[in-house]
Amino acid sequence: MIPAALEDEKSTKALISPGGRIYEQREATIKALDQIEGITYVKNSAAFYLFPKIDIQKFNITNDKKFVLDLLESKHILIVAGSGFDWPEPDHFRMVMLPESKVLSSAIQKIGDFLSTYRQE
């Protein structure tokens, strides 16, 4: 995909501009994440993933792998623990933004529902 993107700058630009698929998927992701208290992020420019930060004090998270597993078991949503990318604290997770915007919005809303009652033991 990278060589094709480098050769066809016009098509790539269209994907990451307003109305483009990647742009719209990112906008759906950040709009949904903005609705979850205790989640922050740095808005990315053109990647296929986001690395949100979770308020570990609010949710009493001490183990990011347990958080990921609890979310998977409860809501059937798979994210990757920040520790999977050698992040030293249990306060980040990685999520891809490749699904359609509606799917992303729905999944992130479910993450918000999960976090509304989640406190790690």
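**Loops, a helix and a surface patch in a predicted model**

Asp 86 is found in the loop that runs between strands E4 and E5. The structure described here is a predicted model, and this loop residue is a pleasant place to begin. The phi angle of Asp 86 is near 60 degrees, a positive value in a residue other than glycine. With a relative accessible area of 71%, Asp 86 is exposed.

A second residue with a positive phi is His 76, which is not a glycine either and has a value of about 60 degrees. His 76 sits in the loop between helix H5 (64-75) and strand E4 (80-81). Its relative accessibility is 66%, so His 76 counts as exposed because the cut-off for that class is over 50%.

Helix H5 itself also holds Asp 70. Is Asp 70 buried or exposed? Its relative accessible area is 15%, so Asp 70 is buried, the limit for that class being under 20%. Leaving aside residues up to four places away in sequence, Asp 70 touches Phe 114 and Tyr 118. Phe 114 falls within the range of helix H6 (101-115).

Next comes helix H3, which spans residues 21-33 and has 13 residues. From its first C-alpha to its last, H3 reaches 18 Å, close to the 18 Å expected at 1.5 Å a residue. Which residues of H3 are buried? They are Ile 22, Gln 25, Arg 26, Ala 28, Thr 29, Ile 30, Ala 32 and Leu 33. A general point about helices helps when reading such a list: an α-helix has 3.6 residues a turn, so residues three or four places apart point the same way. The cover over the buried residues of H3 includes helices H2 (9-16) and H6, together with strands E1 (39-40), E2 (49-50) and E5.

Strand E5 (residues 93-96) contains Val 96. This residue is partly exposed, with a relative accessible area of 46%. Val 96 also belongs to a nonpolar surface patch of about 340 Å², which it makes with Phe 48, Tyr 49 and Leu 98. Strand E5 is thus part of the cover over the buried residues of H3, and its residue Val 96 contributes to a patch on the surface.

The final residue to consider is Glu 121, located in the segment after H6. Glu 121 is exposed, with a relative accessible area of 86%. Its C-alpha atom is separated by 42 Å from that of Pro 18, and these two residues are 103 residues apart along the chain.

Notes
Residues are numbered from 1 along each chain as its sequence is written. This is a predicted model: local features need pLDDT of at least 70, side-chain atom pairs count only at pLDDT 80 or more; totals for chains, interfaces and linings use all residues. Side-chain values use heavy atoms; hydrogens and water are left out. Patches are made of residues with over 30% relative accessible area and no salt bridge: like charges are joined within 9 Å, nonpolar side chains (Val, Leu, Ile, Met, Phe, Trp, Tyr) within 5 Å. Accessible areas come from the Shrake-Rupley method with a 1.4 Å probe; for residues, only the protein chains shown count as cover. A salt bridge is a side-chain nitrogen of Lys or Arg within 4 Å of a carboxyl oxygen of Asp or Glu. Helices (H or I, at least four residues) and strands (E, at least two) are DSSP runs, numbered from the N terminus. Buried means under 20% relative accessible area, exposed over 50%, partly exposed in between (1.4 Å probe, protein chains only). The expected span of a helix is 1.5 Å times one less than its number of residues. Contact means heavy atoms within 4.5 Å.
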